[in-house]
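Work through the exercises below with the model open. Try each task before reading its solution.

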Amino acid sequence: MLTDTKLKTLRPRATLYRLADGNGLCIEVPPNGSRLWRFRYRFSGTARMLSLGAWPAVTLADARQQRDEARKLVAKGIDPSAERQREKRTERQTFEVIAREWLARREVSEVTLSKDRWLLEDFAIPKLGSKPIADVTAADVLAILQNLEQRDMLETASRLRAKLSAIFRYAVSTLRAQHDPVGALRGAIKSAKVKHHAAITDPLKLGELLRALHGYRGGYVVACALKLAPLVFTRPGELRHAEWAEIDLDAATWCIPAHKMKMRASHIVPLSTQAVAILRDLHALTGRGKYAFPNPRTSGRPMSENAITAALRALGYDGQTMTAHGFRSSASTLLHEQGYPSDVIERQLAHKEANAVKDAYNRAQHLPERVKMMQAWSDYCDALRIGADVVPIRRKSQ
């Protein structure tokens, strides 16, 4: 039998050689000097060999334990090599492995991807991560969702349920699961009440808000973002991630690349003369950096996602009155009331058209109308802000 002392004295030779320990365990020493544990056995009348790792990472005691476990499998009529392959396949098919694979294939904005990752890493992977995805049951998922329900996190539970269902459908499509157990849980927990982003849609109150935004006395970068937000009405994440390389002040356009958009399609934002003026002033301060609205602590990152929200709160607007996302609702509501075609407004909001052919057509045809609409909208906002007699920016009869 081998000993630790004997193992330390082994030296390589010109050809590979082996020294036996007992019951099929041996140490293999190739010319390169490594020392490899092997378990030699017979299964179904055929001589076979199983690798147990390299010494000294795998000690003599560890190797003997692995050998004994392998011998037990042989005694039960199980081939240790086949069992190891089965275990490796199982490891590659755990919920965590497939969930992360699904995340990597997601074609969504970085903000959405970050939220998806948070949902899975905080609530699903700790409970299901090591389990083969084919073995996850509806009861396993229900336990997670019920825990969130008991904590009154109904919106989180609803979102997590949708993500889990998508992961299981992906596993089914890649032949690593037989069905989606989440589908059986429809109605199993309470539904979250639909919450709309708070927004000001009354023209007079919007004028008050615009005056407050122009009177903001906080940081200059945030002040510019506050003034620009109602004029471009993009999603808050799209605004704060704006890069100077995407903005052409001479052409008065801001071209947002697909990977930053929720719908993963590039988007053009026509810039009104007022928007261009704000950005030109801002360019003097941040134009040498990557982001138009950089983080005050490091220019290599955009400003915080809470910056605009915090500024609105500082101006006296709580979350029930106005949100950073609410500028989109304000513009949408008032533009519709002014008679602009829904297709034009929806395209500027970067909402996805269900009909792919119509979507491509709208994207190509509506830009001239959107340019006019965005300038008219900025003029309308200026009139509201200064308190002038406001007339419709577009008559419904047009």
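The exercises cover one side chain and some backbone angles.

This is a predicted model, in which local features need pLDDT of at least 70, side-chain atom pairs count only at pLDDT 80 or more, and totals for chains, interfaces and linings use all residues. Residues are numbered from 1 along each chain as its sequence is written, and side-chain values use heavy atoms, with hydrogens and water left out.

**Exercise 1.** Place Glu-346 and find its contacts beyond four places in sequence.

Solution.
- Step 1: Glu-346 sits in helix H14, residues 342-348. Helices (H or I, at least four residues) and strands (E, at least two) are DSSP runs, numbered from the N terminus.
- Step 2: Beyond its neighbours within four places, Glu-346 contacts Ser-332, His-336 and His-351 (heavy atoms within 4.5 Å).
- Step 3: The side chains of Glu-346 and His-351 make a polar contact at 2.5 Å. Such a contact is a pair of N or O atoms within 3.5 Å; within protein, one must be able to donate a hydrogen and the other to accept it, and residues adjacent in sequence count only if both atoms are side-chain atoms.

**Exercise 2.** Classify Phe-233 by phi and by burial.

Solution.
- Step 1: Phe-233 lies in the loop between helix H9 (220-232) and helix H10 (236-240).
- Step 2: Its phi is near 35 degrees, a positive value in a residue other than glycine. Most residues other than glycine have a negative phi.
- Step 3: Phe-233 is buried because its relative accessibility is 0% (buried is under 20% relative accessible area, exposed over 50%, partly exposed in between; 1.4 Å probe, protein chains only).

**Exercise 3.** Describe the peptide bond joining Trp-55 and Pro-56.

Solution.
- Step 1: Omega is about 10 degrees, and the bond is cis.
- Step 2: Pro-56 is in the loop between strand S4 (46-55) and helix H2 (60-75).
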